[in-house]
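Me: I have a model on my bench screen and would like to understand one part of it properly. Please take a close look at that part, and then walk me outwards into its surroundings.

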Protein chains: 2
Amino acid sequence: MIQNFQIRDRRFQLNGGAGSDAIHRDPIYSYAVTELADDSGITGTGFAFTLGEGNDLVCKAAAFYAEQLKGKDIEELMANFGHVFNQFSNQQQFRWLGPHKGVVHLALASVTNACYDLWAKKRGLPLWKLLIDLSPEQIINTLDLSYLEDVLTREQALQLMQDGLTGKQERNDIVLKGYPGYDTSVGWFNYDDEMVRANCKKAIAAGFTAMKLKVGSTDPKRDIRRAHIVREEAGDHCKVMLDANQQWTLPQALSICKELQSMQPYWIEEPTHPDDVLAHKTLADAIAPTKIALGEHVPNRIIFKNYLQTGCAGFMQADAVRLGGVSEFITVSLLCKKYGVPVVPHVGDMGQLHQHLVLFNHISMGHEALFLEHIPHLQKHFIHPAQIVNGVYQTPEVPGSSCDLKN
Amino acid sequence: MIQNFQIRDRRFQLNGGAGSDAIHRDPIYSYAVTELADDSGITGTGFAFTLGEGNDLVCKAAAFYAEQLKGKDIEELMANFGHVFNQFSNQQQFRWLGPHKGVVHLALASVTNACYDLWAKKRGLPLWKLLIDLSPEQIINTLDLSYLEDVLTREQALQLMQDGLTGKQERNDIVLKGYPGYDTSVGWFNYDDEMVRANCKKAIAAGFTAMKLKVGSTDPKRDIRRAHIVREEAGDHCKVMLDANQQWTLPQALSICKELQSMQPYWIEEPTHPDDVLAHKTLADAIAPTKIALGEHVPNRIIFKNYLQTGCAGFMQADAVRLGGVSEFITVSLLCKKYGVPVVPHVGDMGQLHQHLVLFNHISMGHEALFLEHIPHLQKHFIHPAQIVNGVYQTPEVPGSSCDLKN
């Protein structure tokens with residue numbers, strides 16, 4: 001039984017331009033952490049990710065939800081978590097502040113993720129193992145599919161999970177091989193050209209075969225120059241992704257993306273405002289076959305649905321510490337499976353939680369095991385930091401979701 | 001010069017089912033109020049509207065913005081408020097909590113509206129008068145048009161305001177006649193059938209020729225029965241609007257809206273989730289010529305743009321205490337003008353602020369003077385409550401935006 005909870009406002013200063021992008025020049029990686037204390041002595045930890053200022057608002061909103069979990073049994077909660085999620089996310093007064101977006105939804109992510117962590121710890125299993133052992137029906141019971149009825153009914157969702165049983169055994173091999181990573185930290189926005197070049201060399205030496213550069217400079221020539229530096233160092237066999245972090249207007253994106261195509265980006269990420277579904281569609285049509293990736297600022301399953309319906313995104317970067325937690329992440333992953341779009345999470349959690357979720361997506365749902373973003377800057381703050389060997393995430397074996405932070 | 005500020009968390013309990021809808025069964029009408037104290041002794045008051053729980057979060061976020069106004073001269077701020085708005089709404093760490101939606105954007109609305117109120121009070125003018133006397137260029141300088149470049153450049157926006165000069169003099173007559181109102185309070189969700197019927201009679205006796213009923217009942221038969229009660233009382237010459245407050249899934253909306261067409265609704269409002277642009281498009285096509293109204297939960301100009309691009313909304317219910325304040329309300333009104341869609345504000349402010357804005361929209365922009373929602377439940381709390389005579393808003397003459405609350 002959940003006896004009590006604690007909310008912590010944890011902020012971690014980064015150094016030397018790490019984490020910077022065209023829009024967020026000076027982020028403070030921060031977690032609004034929910035800790036659920038169970039009477040078994042186990043603590044479930046979950047968090048949402050912010051960039052500093054306002055992390056306290058998310059903490060305060062998380063307390064509103066966590067308070068309502070007191071006295072609940074985690075197994076009973078998780079047996080029908082879809083209902084719990086639906087009730088929480090639609091609490092009528094709080095709902096007005098979204099609905100299903102912004103501070104209140106981030107808070108719901110924090111509390112939801114703490115539930116999943118507690119669940120896995122109480123079962124003595126790493127979260128990925130708990131999830132892949134659930135039946136299709138048990139998985140669907142953890143999801144809130146409301147407002148998706150036009151494209152994904154409960155029956156269709158069940159069928160997708162059933163379909164995933166085919167080949168599941170073979171896909172389980174990924175547990176031994178590990179899940180490939182890609183390196184986001186070669187080219188933060190504030191890094192100078194020499195540092196980008198040096199970081200590319202380091203990434204390749206460390207075994208990565210995919211890496212990302214931040215673009216969106218005031219002078220597009222800077223972007224183009226730097227993109228070609230990365231391509232030069234990475235060679236033709238590495239994948240290179242470009243990330244504009246919403247910096248461009250649609251007319252700018254149309255012009256700059258065409259210039260950037262010359263260095264063969266694997267994707268162009270967040271070219272413009274994340275609410276502008278139709279702008280992404282216009283851009284995708286104009287720059288095909290170059291693909292767009294997006295999702296870190298898409299707050300809920302409904303907007304993901306619209307993005308998928310237009311067919312404008314080649315990759316979906318759902319993030320379980322930005323969406324309403326693990327539950328909605330799985331919902332969105334199912335939607336993506338239906339539309340045949342790969343899920344390549346944005347890792348506000350630095351990959352700690354997502355290393356579990358991509359294993360589940362691959363093994364149980366049959367999503368391609370493409371690669372998972374890797375950002376090392378907070379490793380020393382986690383009790384069980386993700387282990388990357390030769391560019392590959394090593395499968396976590398400790399019970400829970402790997403989200404416990406050192407004090 | 002703005003010397004200091006105060007943020008107030010004001011909550012007003014409603015009685016007997018007032019304010020209830022299918023989703024929000026027990027709202028507490030609440031304002032996150034920003035008061036900007038100018039060294040002239042004048043205080044500018046603005047607010048954002050919430051339903052109670054979480055109003056404190058908006059207050060806290062508003063303080064973050066208001067703090068940055070200390071020492072600023074209001075005329076200098078407003079001479080280029082579009083830039084101020086852009087800077088505020090893109091403060092990099094806070095931006096991550098939206099962007100441009102949820103708690104942080106509501107907070108920006110509160111602070112923005114306080115600036116407009118202070119501006120008008122210092123000039124000794126009611127806000128509508130201040131706004132209609134501005135030149136097209138001065139108006140455009142108060143707006144942030146970023147991320148609209150694909151449909152509304154600065155030049156196009158200027159041209160729309162220039163076009164509005166034609167006929168402006170004649171449209172000014174509305175000041176004497178007053179702006180028509182419609183009565184939202186005949187049919188709150190929790191009211192029983194007899195009360196709905198009695199309220200319709202009262203509304204007609206009070207001079208209203210348009211009124212609204214809340215629908216979205218678990219049993220659609222209740223909606224249909226009540227809708228016909230209102231039509232019966234209102235007669236064929238009154239306009240009757242139906243408001244589902246997001247309650248339906250798309251399949252439900254498709255089925256129920258077709259049944260409701262038999263009573264000739266003037267519009268069907270918020271049929272489903274406000275983020276689901278494509279569902280609204282599907283529904284609009286299916287139930288034409290019945291029109292959809294929406295907007296109270298559309299948080300920013302970018303999503304309004306997408307709604308307008310699909311052509312699914314017959315009426316746009318922008319709300320200056322839900323969007324980023326007066327500035328973004330005017331931006332959205334310009335977008336609507338471009339697409340030929342009437343603006344019929346949702347009045348989280350009970351019409352206090354919007355009585356000014358609809359006059360401006362009509363006189364300066366040439367929007368049709370359709371009608372403005374009227375909700376009387378908070379009248380006693382305002383220092384200068386809106387005056388409705390024979391169903392018509394009387395033009396406010398007191399300097400400012402009519403948003404000062406009694407203590």
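Reply: B:Ser401 sits in the segment that follows strand S12 (392-393) of chain B. Please keep in mind throughout that this is a predicted model. Is B:Ser401 buried or exposed? With a relative accessibility of 1%, B:Ser401 counts as buried, because the cut-off for that word is under 20%. Which residues does B:Ser401 touch, once those up to four places away in sequence are set aside? The contacts are B:Thr45, B:Asp117, B:Leu127, B:Gln352, B:Leu353 and B:His356.

From there, let's turn to the aromatic rings. Over all chains, the count of aromatic pairs comes to 40. One of them joins B:Phe47 and B:Phe382, whose ring centres are 6.2 Å apart with the planes at 40°, so this pair is tilted. B:Phe47 belongs to strand S3 (residues 43-50) of chain B, while B:Phe382 is in the loop between strand S10 (372-374) and strand S11 (388-389) of that chain, so the pair ties together parts 335 residues apart in sequence. Both rings are hidden: B:Phe47 is buried at 0% relative accessibility, and B:Phe382 is buried at 1%.

B:Tyr266 and B:Phe371 make another pair, with centres 6.0 Å apart and planes at 70°, so this one is edge-to-face. B:Tyr266 is in the loop between helix H13 (250-260) and strand S7 (267-269) of chain B, and B:Phe371 is in the loop between helix H17 (354-365) and S10 of chain B, so to speak two distant parts of the chain, 105 residues apart. Here the partners have unlike surroundings: B:Tyr266 is partly exposed at 25% relative accessibility, whereas B:Phe371 is buried, with a relative accessible area of 4%.

Some tyrosine rings also have a charge over them. In chain A, the charged end of A:Lys239 sits over the ring of A:Tyr266, 5.2 Å from its centre. In chain B, B:Lys338 lies over the face of B:Tyr339, at 5.7 Å from the ring centre.

One aromatic cluster brings in both chains: A:Phe12, A:Tyr29, A:Tyr31, A:Phe47, A:Phe49 and A:Phe382 form it together with B:Trp96.

That leads to the sheet in chain A, an open one of three strands in the order S1-S2-S3 with antiparallel pairing. Strand S1 (2-13) and strand S3 (43-50) of chain A stand at its edges with a single partner strand each, so one side of each has no neighbour in the sheet. From one strand to the next, the twist averages 20°. Helix H1 (residues 55-67) of chain A packs on this sheet and touches S1, S2 and S3 of chain A, its direction making about 170° with that of S1(A). Helix H5 (residues 102-123) of chain A also lies across S1, S2 and S3 of chain A, running at about 150° to S3(A).

How are the strands joined? S1(A) and S2(A) run antiparallel and are joined by 11 bridges, with A:Ala32 in S2(A) as the bridge partner of A:Asp9. Strand S2 (residues 28-38) of chain A also pairs with S3(A), in the antiparallel sense over eight bridges. Along that pairing, A:Ala37 stands opposite A:Thr43 in S3(A), and A:Tyr31 stands opposite A:Phe49 in S3(A). The hairpin of S2(A) and S3(A) has four residues between the strands, and A:Gly41 takes a positive phi near 95° there. Of the 11 residues of S2(A), 10 are buried, so the strand is largely enclosed by the rest of the structure.

Finally, step back to see both chains at once. Chain A is superposed on chain B by a rotation of 180° with 0.0 Å of shift along its axis, at an RMSD of 0.0 Å. The two copies are therefore related as by a two-fold rotation axis. Which residue of chain A comes closest to the rotation axis? A:Gly102 does, with its C-alpha at 2.4 Å. As for the interface, 100% of the interface residues of chain A are also interface residues in chain B, so the copies meet through the same surface.

Terms used. Residues numbered from 1 in each chain as written. Chains lettered and ligands numbered in written order. Predicted model: local features only at pLDDT ≥ 70, side-chain atom pairs only at ≥ 80, totals over all residues. Heavy atoms only, no water. Least-squares fit on C-alpha atoms with pLDDT ≥ 70 in both. Contact = heavy atoms within 4.5 Å. Phe/Tyr/Trp six-rings, centres within 6.5 Å; stacked < 30°, edge-to-face > 60°. Buried < 20%, exposed > 50% of the residue type's maximum accessible area, 1.4 Å probe, protein only. Lys NZ or Arg CZ within 6 Å of the ring centre and 35° of its normal. Pairing = 2+ DSSP bridges. Axes fitted to C-alpha atoms, helices over the stretch in contact; angles between N-to-C directions.
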